[in-house]
Amino acid sequence: KNACFWREKNLYSVCLSRLLLFFSLQTFEKLLIANRGEIACRVIKTCKKMGIKTVAIHSDVDANAVHVKMADEAVCVGPAPTSKSYLNMDAIMEVIRKTRAQAVSLNVSICCSSDFYFCLLKFLSSLSLQASEGVTFIGPDTHAIQAMGDKIESKLLAKNAKVNTIPGFDGVVKDADEAVRIAREIGYPVMIKASAGGGGKGMRIAWDDEETREGFRFSSQEAASSFGDDRLLIEKFIDNPRHIEIQVLADKHGNALWLNERECSIQRRNQKVVEEAPSTFLDPETRRAMGEQAVALAKAVKYSSAGTVEFLVDSSKNFYFLEMNTRLQVEHPVTECITGLDLVQEMIRVAKGYPLRHKQADIPINGWAVECRVYAEDPYKSFGLPSIGKLSQYQEPLHVPSVRVDSGIQQGSDISIYYDPMISKLITYGSNRAEALKRMEEALDNYVIRGVAHNISLLREVIIHPRFVQGDISTKFLPEVYPDGFKGHKLTDLERRQLLATAASLYVAEQLRSQQFLGTPRIPIAKSKRSSWELSVHLGDGIHPVAVSKQGSSFSVEVDGMKLNVTSEWNLASPLLSVTIDGTQRTIQRISRNASGETSIQFLGTVYKLQILTKVAAELSKYMPEKAAEDTSSILRSPMPGTVVAVSVKPGDMVSEGQEICVIEAMKMQNSMIAAKTGKV
């Protein structure tokens, strides 16, 4: 199945050597996957390839999840909350005993990367009791996880290993007053972050004393809630940095490799959105220096497995150690694409005690890979606030060439408040960056997701933005490019005409289909079919007269003084519709429609609402009363599902605009809800 395999000169010897390797390689018979979602499915796929039986665990609400169906065995470990199921280490240990699993994989966290460190040490201490029975953990040793899971200790270890580190205070910050004193000594801006944190949780940027006090409060609360550890540290905040990480792979025999870098600078709320490998920014010398320092750190803690050393890189290519993730990162597929390695397989081999099969000189950079994290989020709210619901329709764009989709859901799956809102990881590969990005654009257009809000529109806008295409990015890309928040794709004059012409043609195609019944006209004595229509299309704040005439299988559309030819097969039952407009191919999706002529069409990634009426109906519509908009200025409405963790007011209190009313926790992040105007509660 590997294309490179068949290009070997001596096919017979290659086949023979691989068969001998297959039969001589001793591996685990059964592996328990202490996880859910796409990463659990990812591990199961590699286990099937290696001939390893798998055991899945699941909560009661995940009984019909994809990873449960894929595994050879599945056991329920508790109710929906992760602390009572997927992170219930006592229940997991009982499953290990019951199923007699020889190895356990806990590569990526359930809700966020931080939860991984929160319970993993307890899990490993329990697992050590099973060592005599031959139970192996697929991952690094306990001491490496403990050392790298604590940001204070990991920074000191990095310094000793001669790894570049960010200037800052290495101790534990005791209170808000000490935080202000330290921040002043370091110099603003500073980054306040949880010592045991990760995944953007427990992190705040402070630009002055007031923000430092507020940041200390929220970060410590988030840290206590997410990790059971409210210790904080303060570092100098590097303005306009890039977030570039190095994938490392090490065995139990002292060997370690760096598998090139991943560019992860496109982020929102310190969480990655788009990743790629390699980076457009690094030259071979900087790449080598970062890789060698990453390996030095891995060897310093006797690391053995796949892991990631993350760096911040400034505009002068100075790089500073950020943290080490002792697990398989969400974005690992882009590294697999350009190196040809199966990182899950390598982790299993290392856990079994085998030495690495590769030398540093064997690690290539073949082509380019891009990954977009597809989330059930509303990108128009703070670049993505969680959305929940059932996937009423779901279709992955696997028909697009060189596309990989890592997912753990299917049509009918629920996106709930209990787990991370990630739908999938969408990966495209090309011989160069331009090719990979073009395929990503096509893949996003062909991705069908119904039932929940999703961030496809934001992802598509990012990858086609001139700054991103040129490689001019930093971790501040989103707030810099969209200072007033994301508003969707801004149509050019030509694109607006193309959308109007497509919508009008779709409307006429539907009218023609409604006149057919089993391939014949409904009323045989009716007049001959119409060949022209005069329509009025309402888009945004504009009303556009549109004239449509049918010419064979095409439509000639006149809109805003321009004539366009629209051609399609007009398969109105398909969620995807390929349309050619004057030679330009577009893939559109009709999201909804109703009897009043209102329709929603996904065009260039963004959903646009239109109203299409006949000329007569449009003239009469002015007599229709309009529903008054709801006045929400006196209401505080949470923009996302979550839990109220604190209320700062009581009935009868007077509050001013901007004053905190309550704190909502969603997906382990705490958000302050403020009053929109002055008034009485």
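Visitor: Why is the pair of side chains of E396 and S407 called a polar contact?

Guide: In this predicted model, the distance joining the two side chains is 2.6 Å. A polar contact requires N or O atoms within 3.5 Å, so the pair of E396 and S407 qualifies. The side chain of E396 also makes a polar contact with the side chain of Y394, at 2.8 Å.

Visitor: How do you know that E396 has no salt bridge?

Guide: The nearest side chain of opposite charge, K45, is 7.2 Å away from E396. A salt bridge requires a distance within 4 Å, so K45 does not form one with E396. E396 is nevertheless buried, and its place is the loop between β19 (393-395) and β20 (403-407).

Visitor: What makes R100 count as exposed?

Guide: The relative accessibility of R100 is 72%. Exposed means over 50%, and therefore R100 belongs to that class. R100 lies in the loop between α4 (89-99) and β4 (103-105), and its phi is near 60 degrees, a positive value in a residue other than glycine.

Visitor: How do you know whether L604 is buried or exposed?

Guide: L604 has a relative accessible area of 5%. Buried means under 20%, so L604 is buried. This residue is found in the loop between β32 (598-603) and β33 (606-614). Phi of L604 is near 55 degrees, which is positive in a residue other than glycine.

Visitor: What share of the residues in the protein is buried?

Guide: Of the 681 residues in the protein, 54% are buried.

Key
Residues numbered from 1 in each chain as written. Predicted model: local features only at pLDDT ≥ 70, side-chain atom pairs only at ≥ 80, totals over all residues. Heavy atoms only, no water. Buried < 20%, exposed > 50% of the residue type's maximum accessible area, 1.4 Å probe, protein only. Helix = DSSP H or I, 4+ residues; strand = E, 2+ residues; numbered from the N terminus. Lys, Arg positive; Asp, Glu negative; His and termini not counted. Polar contact = N/O pair within 3.5 Å; in protein donor to acceptor, adjacent residues only side chain to side chain.
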